[in-house]
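I set out to keep a short notebook on one protein chain. My plan was to look up the sheet, then a helix, and then single residues.

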Amino acid sequence: MHVCMLLPERFPPDIRVRKEASALRMAGHTITLLCRGGPTEQSFARLDGIDVERLPADRLFAGLSGMIDGLRYVASAVHPAWQRAVRELDRQNPIDALHVHDLPLVQTGLALGEELDVPVVADLHENYPEAARQIQQMRGWGEIARDPEALVQRVAFAPWRLKRLERTGVKHADRTVTVCEEARAHYIRDCGAEPADVTVVSNTVDLDAFAGDVEPPATLDLAPDSFVVSYVGNFTRHRGLDTLVEGFARLVEESPDAELLLVGTGNDNYVGGLKALARSLGIRERVTFTGWVDFADVPRYLAASDVSAVPHAATAHTETTVPHKLFQAMAMGVPVVASDVAPLARIVGRTDCGLVTPAGDGDALGTALAELTDEDRASDCGTNGRAAVEDEYNWARDGQRLCDLYDGLRVEG
């Protein structure tokens with residue numbers, strides 16, 4: 001099948017999109033990915049056997065025609081520029097299925113699916129309406145007003161409208177792909193999806209990429225005997241990093257040689273607030289902010305870690321998603337401390353790969369970190385995590401689930 005993927009963001013670096021496209025290509029499908037492009041990026045590239053065509057972001061809404069396209073998108077949630085690009089691609093190489101990554105382009109995909117008479121797969125990486133709500137609250141109106149595109153999104157695609165688009169998209173897509181059982185239940189219960197049409201393809205990892213046989217980055221200035229707690233991922237409020245900083249301060253009371261490694265980046269104001277919090281708790285010199293790191297280097301930072309934290313706050317978003325970072329730590333044999341949001345609590349509890357603490361409770365998180373300074377307890381958790389990834393939570397299994405979905409579409413077609 002010729003599968004046309006639509007992605008409203010730039011590519012790379014989206015790891016989930018790369019894994020899915022590669023799995024389908026290895027199964028014999030032809031993949032073309034249409035995505036947003038930056039001003040200096042080539043309009044076409046071939047990456048790992050995947051054809052990548054980019055729509056320059058600076059021209060999507062430029063000029064009179066771009067303004068008209070934007071107004072039509074705001075009114076209908078169907079984007080004319082993406083429609084034109086897909087029609088042209090279909091003219092050159094007929095499309096057999098549309099695979100739409102994330103909610104902003106699902107209505108566009110559905111309109112094109114009806115026009116081209118091809119099935120549409122809605123791949124919902126997260127609870128998009130609730131994620132948007134969290135990010136908008138973190139940024140605030142002042143910051144959003146300085147970003148024209150963000151302002152349009154905030155006004156025209158408020159969470160209530162995104163929820164309506166989510167219900168419509170899930171009900172009308174031929175298949176929906178999501179990341180965890182809790183999200184699947186949400187789409188069935190709250191959006192009216194047919195159970196047989198919703199497939200879980202989780203954010204698991206390639207075992208070869210997280211084999212555990214790597215050295216920590218030489219650039220890290222960590223004391224040889226320090227107890228290292230890490231967090232890897234985006235820095236946004238619903239990730240619960242303020243709770244992690246508070247819990248780490250509690251740990252330092254018992255283990256003065258502990259170090260906190262925060263790997264990633266995010267909203268400048270939020271990061272500034274984390275630094276101020278660490279300073280107010282007297283632990284700023286024990287907290288390292290690495291900034292953005294390449295995905296290929298993530299195993300090296302985990303190799304430097306004695307414990308990895310996934311301290312998500314309890315929100316409607318985090319209760320229906322599961323992050324890569326959990327499976328990355330498990331694959332590296334690093335014990336985990338996670339908050340008790342449903343997907344994290346279920347997986348960590350089921351596999352005994354670490355400890356679960358109440359979301360937002362810094363004292364409890366600190367106590368859990370202190371418990372994992374016991375080398376035997378930590379080693380058992382790390383071993384359990386690696387075994388669970390080898391047996392079940394790995395991309396070989398999840399990639400096959402995606403390929404099975406397309407086998408079903410091919411039979412139906």
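The entries below record what I looked up, in the order in which I took the topics.

**Entry 1: the model.** I note at the outset that this is a predicted model.

**Entry 2: the sheet as a whole.** I first asked in what order the strands of the open sheet lie. I found eight strands in the order β3-β4-β2-β1-β5-β6-β7-β8, with mixed pairing. I recorded that β3 (44–47) and β8 (198–200) stand at the edges. Each has a single partner strand, so one side of each is left without a neighbour in the sheet. From one strand to the next, I read an average twist of 20°. As a reminder to myself, strands of a sheet pair through backbone hydrogen bonds, either parallel or antiparallel.

**Entry 3: strand β1 and its neighbours.** I turned to β1, which covers residues 2–10. Is this strand largely enclosed or not, and why? Seven of its nine residues are buried, so the rest of the structure largely encloses β1. On one pairing, I found β1 parallel to β2 (residues 30–37), with seven bridges joining them. Within this pairing, V3 is opposite I31 of β2. I also found β1 paired with β5 (residues 97–101), again in the parallel sense, over four bridges. Here L6 is opposite V100 of β5.

**Entry 4: from β2 to β4.** I followed β2 to its pairing with β4 (residues 50–56), which is parallel and has six bridges. T32 is the residue I noted opposite D51 in β4.

**Entry 5: strand β5 and the way to β6.** I asked how many of the residues of β5 are buried. The count is five of five, and the strand is mostly covered. I then looked at the directions of its side chains: A97, H99 and H101 point one way, L98 and V100 point the other way, and all are buried. β5 runs parallel to β6, and four bridges join the two strands. H99 is opposite V121 of β6. Between these strands the chain passes through α5, and I recorded this β-α-β crossover as right-handed.

**Entry 6: helices lying across the sheet.** I looked up α4 (residues 80–92) and found that it lies across β1, β2, β4 and β5, at about 150° to β1. I then looked up α5 (residues 106–116), which lies across β1, β5 and β6 (120–123), at about 170° to β5.

**Entry 7: helix α1.** I noted that β1, α1 (residues 15–26) and β2 make a right-handed β-α-β unit. I checked the length of α1: at 1.5 Å a residue, its twelve residues should span 16 Å, and the end C-alpha atoms are 16 Å apart, which agrees. Nine of the twelve residues are buried, so α1 is largely enclosed by the rest of the structure. The buried residues include I15, V17, A21 and L24, and also the charged-letter entries R16, K19 and E20. At the start of the helix, a side-chain oxygen of D14 comes to within 3.1 Å of the backbone nitrogen of R16. Just after the helix, I read a positive phi of about 105° at G28.

**Entry 8: residue A23.** I chose A23 in α1 for a closer look. Does A23 count as buried or exposed? Its relative accessibility is 15%, and the cut-off for buried is under 20%, so A23 counts as buried. Leaving out residues up to four places away in sequence, I found that A23 touches W395, G399 and C403. A23 and A396 are 373 residues apart in sequence, and their C-alpha atoms are 8.7 Å apart in space.

**Entry 9: residue R386.** My last residue was R386, which is in helix α16 (residues 375–391). Which backbone oxygen does the side chain of R386 reach? I found that it reaches the backbone oxygen of A331 at 2.7 Å. With residues up to four places away in sequence set aside, R386 touches L207, F210, A211, M330, A331 and G333.

Technical notes: Residues numbered from 1 in each chain as written. Predicted model: local features only at pLDDT ≥ 70, side-chain atom pairs only at ≥ 80, totals over all residues. Heavy atoms only, no water. Buried < 20%, exposed > 50% of the residue type's maximum accessible area, 1.4 Å probe, protein only. Pairing = 2+ DSSP bridges. Right-handed = clockwise from strand over helix to strand, strands pointing away. Contact = heavy atoms within 4.5 Å. Expected span 1.5 Å × (residues − 1). Polar contact = N/O pair within 3.5 Å; in protein donor to acceptor, adjacent residues only side chain to side chain. Axes fitted to C-alpha atoms, helices over the stretch in contact; angles between N-to-C directions.
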